[in-house]
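Q: I would like to learn how to read the features of a protein model. Could we go through one together?

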Amino acid sequence: MLRVAIAAGGTGGHIFPGIAIARELQDQLKSCEIIFIGSKDGIENKIVSENGYTCIPTDVHKLYRYLTLKNLLFPYYMIKSIVETRKIYRENLISLFVGCGGFVTGTAGYAAHLQKIPIFLQEQNSYPGLSTRFIAPYAKRIYLGNHVAIDYLKKNDNCLYTGNPIRQLNLTPRKVAQTELGFKDSKTLFIYGGSLGSTPINNAVLKIIESLLEKDYQIIFQTGKRDHSKIIEKYGNQRNMIIKPFFNDIDLVYSASDLVVCRAGAISLSEVAYFRIPAIIIPFPWAAGDHQVKNAESFAQNGAAVMIEEKDLTPEILLTNIENILNNTQQYEIMAHAMKSLAKPEATQHIVSDILMTAGIEC
């Protein structure tokens, strides 16, 4: 039996690809046991257990990218976590490691290197995270969600551009999805600033909602918890508008939408590409290594999206871009076609098949 350890932490953008790979490994193999390695306080413990897997936490602490006394203890916790993880590998007879990002991938990956366990990495972003760059020299293969990431890795002869693994999402015909949401057959916007919401995006949207509704656009607005009350208080009774802090049925929302306004998380963009929806992307300006700007630039340069940096975001600019895309049929079709070209719906199967072939494991 193959026993696999997957490390992924910090955000859903790292964790959900790990879960997708875990499920595909178990689909392709007759016998496979999987554990996840996480941090003690990480959101991965909750998400992984909700998806039916065991997450074993280690006492790993992140390295802050600014001057702080907290970093003085980083070497101690790094060594402690590596020792803990090596013990986990021995006790669980781990024979293969997959790292999907987050700082836990750095220590768990190095523990795998010391144990001589084959290492495979999956990097979601255009600019690879610190853990990926640290472990890359020891990896048998690095599966890239965006091909431009190869330029930032010193050792890159082991890279393979596959696209990102995404969760299982159902494509519903547009009109059917709009009907299920209580909408009519009309142009529909999906606006969201990530799972937590974005106040700068919310504030810009609030100033153009009435203009959008007057033009008969339908709006699906994921606000995040922080701003939800004030937005629902003002616009909760509006026709042609659905407002929620978070959408669990996001595949139905994507299916109903003609245009997405969003941040530039790698997995979010991969999902938008899967649904072939043109996008206006407003990258989070404080993301590590400026990776959201690089993600957004990649989609904009391919003609699939328009990027607006947050420092340039005004209600007027946002409204102008929305109208330019939705009212120009030829431009819209070009963007939708470009978005389709970026979709990699077979990414997870491709990654797992290559892991098994590279590791010499028969199905």
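The dialogue below goes through the overall dimensions, the sheets and the enclosed spaces.

Q: What kind of model is this, and how many helices and strands are there in the protein chain?
A: This is a predicted model. The protein chain has 15 helices and 13 strands.

Q: How do I read the radius of gyration of the protein chain?
A: Set it beside the value for a compact globule with as many residues. For 363 residues that value would be near 21 Å, and the protein chain has 21 Å, so the two agree. Along the principal axes, the C-alpha atoms fill a box of roughly 65 × 50 × 35 Å.

Q: In what order do the strands of the seven-stranded sheet run, and what is the pairing?
A: Read a sheet strand by strand, from one edge to the other. Here the order is E3-E2-E1-E4-E5-E6-E7, the sheet is open, and the pairing is parallel. Strand E3 (54-58) and strand E7 (159-161) each have a single partner strand, so one side of each lacks a neighbour in the sheet. On average, and with direction ignored, neighbouring strands of this sheet are turned by 25 degrees against each other.

Q: Over how many bridges do strand E1 and strand E4 pair?
A: E1 (residues 2-7) and E4 (residues 96-99) pair over four bridges, in the parallel sense. To follow the register, take one residue and look up its partner: for Ala5, the bridge partner in E4 is Phe97.

Q: Which strands does helix H1 lie across?
A: H1 lies across E1, strand E2 (32-39), E4 and strand E5 (119-123). Relative to E2, H1 runs at about 165 degrees.

Q: What is the order of the open sheet of six strands, and which are its edge strands?
A: The order is E10-E9-E8-E11-E12-E13, again with parallel pairing. Strand E10 (241-244) and strand E13 (305-307) are the edge strands, and each pairs on one side only. Neighbouring strands of this sheet are turned by 15 degrees against each other on average, direction ignored. As one pairing within the sheet, strand E11 (residues 259-262) and strand E12 (residues 279-281) are joined in the parallel sense over three bridges. Val261 has Ile280 as its bridge partner in E12.

Q: How is empty space found, and how many cavities of 30 Å³ or more does the structure hold?
A: A probe the size of a water molecule is rolled over the atoms, and this shows where empty space is left. In this structure there is one cavity of 30 Å³ or more. The largest cavity holds about 200 Å³ of space. Its lining has 21 residues, and Gly145, Asn164, Ser270, Phe299 and Leu342 are the closest to its centre.

Q: Which elements and classes of residue make up the lining of the largest cavity?
A: Helix H11 (266-274) and helix H12 (291-301) are the elements that give two or more residues. H11 supplies the largest share, five residues. By class, the lining has ten nonpolar, ten polar and one charged residues.

Q: What is the volume of the second largest pocket, and which residues lie nearest its centre?
A: The volume is about 430 Å³. The lining consists of 17 residues, and Ala20, Ile166, Arg167, Gln168 and Thr348 lie nearest the centre. Two or more lining residues come from each of helix H1 (12-28) and helix H15 (347-358). H1 gives the most, with six residues. The lining of this pocket divides into seven nonpolar, five polar and five charged residues.

Notes
Residues numbered from 1 in each chain as written. Predicted model: local features only at pLDDT ≥ 70, side-chain atom pairs only at ≥ 80, totals over all residues. Heavy atoms only, no water. 1 Å grid on protein atoms, 1.4 Å probe; cavity = no way out; pocket = protein on both sides within 12 Å on 5 of 7 lines; lining within 4 Å. Points joined across faces, edges and corners; volume = space filled by probe spheres on them. Nonpolar A, V, L, I, M, F, W, Y, C, P; charged D, E, K, R; others polar. Pairing = 2+ DSSP bridges. Axes fitted to C-alpha atoms, helices over the stretch in contact; angles between N-to-C directions. Contact = heavy atoms within 4.5 Å. Rg over C-alpha atoms; globule rule 2.2 N^0.38 Å.
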